[in-house]
Amino acid sequence: MATNYNSADIAAFKNVWVFCEQRQGKLMPTTLELISEGRKLADELKVELCGLLLGSNVESLAEELGGYGADRVYLYDAPALETYTTDAYSKVICDAIEEFKPEVMLFGASNIGRDLAPRCAAKLHTGLCADCTHLDVDVEGYVNFLKEASTLDVDSMEWDYANRDLKMTRPAFGGHLMATIICPRFRPAMATVRPGVMKKGAYSEAKAKAVIVDKPAVALTAADCKTVVLDVQKAAKKMVDLIGAEVIVSVGRGIASDIEGGIKLAEELADLLGGVVGGSRVTIDSGWLSSDHQVGQTGKTVRPKLYIALGISGAIQHKAGMSDSECIVTVNKNAAAPIFEIADYGIVGDLFKVTPMLIDSIKEMRAAK
Ligand code: FAD
């Protein structure tokens, strides 16, 4: 790769790209969320939205990407790309970026995306903003976002409405501040976005059929593939699927006086409602629940139809992961707990008394039907 690659004219870079993570021939949900978000950015920039799809025998996924908004899919299909390895994937991605020059490149902040994006950014000598929660190109849209989401006096500030930099917003200083980062001198502007943060858009059959599939050659030598995956062994442990759940019953430090009993109550309520159990960071750090249950800034970002918070105070880092839930119900002994500020229904009381009452009344309502 040319060492002066990124001193090139940035005007030569065009189009929005999304790395389309797939595992065993199935697109990860984050990919579709990013394709939908990428569509918005591409429309603001008036350019194409392209999916970058790597794998083996994965061409059939291109239609699905088109259906969610991709105009074009760059497909790199080869047996060597069947299972993810950092060296092979980063080589192919950097070659593709160098050849086709996208101006924006998005990755999901999954384990793979978090491994891959910084590797590619370093190789390409460009900037990467990790764990973004909001993206804009259009300055007017960004100003409106600031009006809604910040305390800045945006009307008294000067704005360059012609600016086309990607504005990448993410929590900073432990979630107490939001910071917007730009990458004005290098391209592509790269960002990772946490699963569940962006919304998946509607599927269009017509767009699916119209997607253009480009198949550039895969140039990989044995020397490029320093890692060889011999076998993939899935952990026997079943992880909780917080992001896909429509109902989440989360517990916090409020269960401390009877941890087992508190988790059991949450499980029973979640089971009744067809949901899963989540937890605040305290419950994970204390070893009461495994880390896949954590909701919040350093856990999962969720937006279920119903989020029930039992004995959770509503710290800013917890709210960052669940405040977009459709309906929030909380049970807390302390009427001044910040969780009540965002709750649709708040019950001031002891969760060990209130939760069994909730469970009983749901059972009674169902029996009466
Ligand atoms: P507490 O704040 O201690 O609240 C417990 C609540 O339970 C209280 O409101 C109390 O009134 C109530 N209560 C007690 N007993 C009962 C009872 N019997 N019945 C009903 N209510 C009762 N936190 C997260 O959750 N997710 C994150 O991803 C996350 N990331 C973080 C990242 C950083 C960089 C930092 C600095 C912190 C992060 N935190 C995160 C931690 C966060 O700041 C809070 O410490 C944490 O969310 C508090 O958890 P909690 O609400 O369970 O506990």
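The following exchange goes through a predicted model and the reasons behind some labels given to its parts.

Student: What makes the protein as compact as a globular protein of its length?
Tutor: The secondary structure comes to 11 helices and 17 strands. The radius of gyration is 23 Å, and the globule rule gives 21 Å for 369 residues; the two are close, so the protein is as compact as a globular protein of that length. Along the principal axes, the C-alpha atoms fill a box of roughly 65 × 60 × 40 Å.

Student: Why is G113 called buried rather than exposed?
Tutor: The cut-off for buried is 20 or more other C-beta atoms within 10 Å. G113 has 23 C-beta neighbours inside 10 Å, so G113 counts as buried. G113 lies in helix α4, residues 111-124. Leaving out residues up to four places away in sequence, G113 touches F19, E21, F107, G108 and T192.

Student: How many of the residues in the protein are buried, as a percentage?
Tutor: Buried residues make up 42% of the 369.

Student: Why are K46 and N57 called exposed?
Tutor: A residue is exposed if 12 or fewer other C-beta atoms lie within 10 Å. K46 has 8, so K46 is exposed. N57 has 11, so N57 is exposed too. K46 sits in the loop between α1 (29-45) and β4 (49-55), and N57 in the loop between β4 and α2 (61-67).

Student: What makes the phi values of K46 and N57 worth a remark?
Tutor: Most residues other than glycine have a negative phi. Phi of K46 is near 60 degrees, a positive value in a residue other than glycine. For N57, phi is likewise positive, near 60 degrees.

Student: How do you know that the peptide bond from R187 to P188 is cis?
Tutor: By its omega, which is near -5 degrees. Most peptide bonds are trans. P188 is found in the loop between β10 and β11 (189-193).

Student: What makes the largest nonpolar core a core, and which members touch the most others?
Tutor: Its members are buried nonpolar residues joined through C-beta atoms within 7 Å. There are 57 of them, and L52, L53, L65, V73, L106 and A191 touch the most other members. Helix α3 (residues 86-100) gives the most to this core, with six residues. A second, separate core has 31 residues, including V249, I308, I328 and A337.

Student: Which residues are in contact with L53, its neighbours within four places in sequence left aside?
Tutor: The contacts of L53 are C20, Q22, V58, L61, A62, L65, V73, Y74 and L75.

Student: How do you know that β9 pairs with strands β8 and β10?
Tutor: The requirement is at least two bridges between the strands. β8 (residues 134-136) and β9 (residues 167-172) have three bridges, in the antiparallel sense, so the pair meets the requirement. D136 has K167 in β9 as its bridge partner. β9 and β10 (residues 177-181) are joined by five bridges, also antiparallel, so this pair meets the requirement as well. T169 stands opposite T180 in β10.

Student: Which residues come nearest to the ligand, and what is the character of the shell around it?
Tutor: Of the 29 residues around the ligand, G252, G254, S280, G296 and S313 come nearest. The shell divides into eight nonpolar, 17 polar and four charged residues. α8 (281-285), α9 (316-319), β16 (327-332) and α11 (351-368) each supply at least two of its residues.

Notes:
Residues numbered from 1 in each chain as written. Predicted model: local features only at pLDDT ≥ 70, side-chain atom pairs only at ≥ 80, totals over all residues. Helix = DSSP H or I, 4+ residues; strand = E, 2+ residues; numbered from the N terminus. Contact = placed C-beta atoms within 7 Å. Rg over C-alpha atoms; globule rule 2.2 N^0.38 Å. Near = placed C-beta within 6 Å. Nonpolar A, V, L, I, M, F, W, Y, C, P; charged D, E, K, R; others polar.
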